[in-house]
Amino acid sequence: MPPGGPLTRWGVAVVRGRSMQPTLYDGDRLLVRHGGVPRAGDLVVVRLPDGVVAVKRATFRQRVGDRPGWWVERDNPQVGVDSWSVGAIPDSEVVAVVVTRLWPLRRAPLRDRSL
């Protein structure tokens with residue numbers, strides 16, 4: 001069965017905090033795809049090592065021990081936690097891929113085209 005088939009689940013995530021500003025702001029509502037496969041530059045919902053679920057930007061694939069994972073970063077270098085402080089996130093802890101912002105509507109793109 002190809003990725004994105006019937007087993008893919010959709011959901012809504014609510015942004016908390018300032019770590020993804022200026023792309024995302026506290027209270028933004030996001031449409032997410034559970035089971036989606038991220039690409040470099042995508043926003044993803046991840047479970048950090050302390051159990052906190054957060055939105056971060058997937059920047060590149062990396063090995064985490066003997067398993068593949070993602071290096072994730074925040075868009076706001078002044079606030080928050082990312083792979084610079086906790087290391088790469090295993091694939092099993094990538095909860096969902098952000099598809100689009102549902103509310104509020106803004107013109108800022110969610111995907112970093114430079115990656």
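# Exercises on a predicted model

T23 is buried, since its relative accessible area is 10%, and the cut-off for buried is under 20%. The model is a predicted one, and the exercises below begin with this residue.

## Exercise 1. The surroundings of T23

Determine where T23 is placed and which residues it touches.

*Solution.* Step 1: T23 belongs to the loop between strand 1 (9-14) and strand 2 (29-34). Step 2: leaving aside residues up to four places away in sequence, T23 touches D28, L43, R57, D75, R101, P109 and L110. Step 3: with D75, the side chain of T23 also makes a polar contact of 2.6 Å.

## Exercise 2. The sheet

State the strand order of the sheet and identify the strands that stand at its edges.

*Solution.* Step 1: the sheet is open, has 7 strands with antiparallel pairing, and follows the order 1-2-7-3-4-5-6. Step 2: the edges are taken by strand 1 and strand 6 (89-90); each has a single partner strand, so one side of each lacks a neighbour in the sheet.

## Exercise 3. Strand 3 and its partners

Describe how strand 3 pairs with strand 4 and with strand 7, and decide how far strand 3 is covered.

*Solution.* Step 1: strand 3 (residues 43-47) and strand 4 (residues 53-64) run antiparallel and are joined by 5 bridges. Step 2: within this pairing, V45 faces V55, while V46 has A54 as its bridge partner. Step 3: the two strands form a hairpin with 5 residues between them, and G51 in the turn has a positive phi of about 95°. Step 4: strand 3 is also paired with strand 7, again in the antiparallel sense, over 3 bridges; here V45 stands opposite A96. Step 5: strand 3 is mostly covered, with 4 of its 5 residues buried.

## Exercise 4. The nonpolar cores

List the residues of the largest nonpolar core and the elements that give two or more residues to it.

*Solution.* Step 1: the largest core has 12 residues, namely A13, V15, M20, L24, L30, V32, L43, V45, V55, A96, V98 and L110. Step 2: strand 2, strand 3 and strand 7 each give two or more residues to this core. Step 3: a separate second core has 10 residues, among them V46, A54, I89 and V97. Step 4: for V55, the contacts beyond four places in sequence are S19, M20, L24, L30, L43, V44, V45 and V98. As background, nonpolar side chains tend to be buried together in soluble globular proteins.

## Exercise 5. Salt bridges

Give the number of salt bridges, and analyse the pairs R16 and D26, R47 and E93, and R61 and D91.

*Solution.* Step 1: the count is 6 salt bridges. Step 2: one of them joins R16 and D26, at 3.9 Å from N to O. Both residues lie in the loop between strand 1 and strand 2, 10 residues apart. R16 is exposed at 58% relative accessibility, whereas D26 is partly exposed at 46%.

Step 3: R47 and E93 form another, with their closest N and O atoms 3.5 Å apart. R47 is in strand 3 and E93 in the loop between strand 6 and strand 7 (94-103), so the pair ties together parts 46 residues apart in sequence. R47 is partly exposed, with a relative accessible area of 35%; E93 is partly exposed too, with 24%.

Step 4: R61 and D91 meet at 2.7 Å, N to O. This pair links strand 4, which holds R61, to the loop between strand 6 and strand 7, which holds D91, across 30 residues. R61 is partly exposed at 43%, and D91 is partly exposed at 31%.

## Exercise 6. The aromatic cluster

Classify the aromatic pairs of W71 with F60 and with W84.

*Solution.* Step 1: there are 2 aromatic pairs. Step 2: F60 and W71 are stacked, at 5.9 Å centre to centre and 10° between the planes; the cut-off for stacked is under 30 degrees. F60 lies in strand 4 and W71 in strand 5 (residues 67-73), 11 residues apart. F60 is partly exposed at 40%, but W71 is buried at 12%.

Step 3: W71 and W84 are edge-to-face, at 5.1 Å centre to centre and 85° between the planes; the cut-off here is over 60. W84 is in helix 1 (residues 83-86), 13 residues from W71, and counts as exposed at 64% relative accessibility. Step 4: F60, W71 and W84 form one aromatic cluster.

How values were computed. Residues numbered from 1 in each chain as written. Predicted model: local features only at pLDDT ≥ 70, side-chain atom pairs only at ≥ 80, totals over all residues. Heavy atoms only, no water. Buried < 20%, exposed > 50% of the residue type's maximum accessible area, 1.4 Å probe, protein only. Polar contact = N/O pair within 3.5 Å; in protein donor to acceptor, adjacent residues only side chain to side chain. Contact = heavy atoms within 4.5 Å. Pairing = 2+ DSSP bridges. Salt bridge = Lys/Arg side-chain N within 4 Å of Asp/Glu carboxyl O. Core = buried A, V, L, I, M, F, W, Y, C linked by side-chain atoms within 4.5 Å. Phe/Tyr/Trp six-rings, centres within 6.5 Å; stacked < 30°, edge-to-face > 60°.
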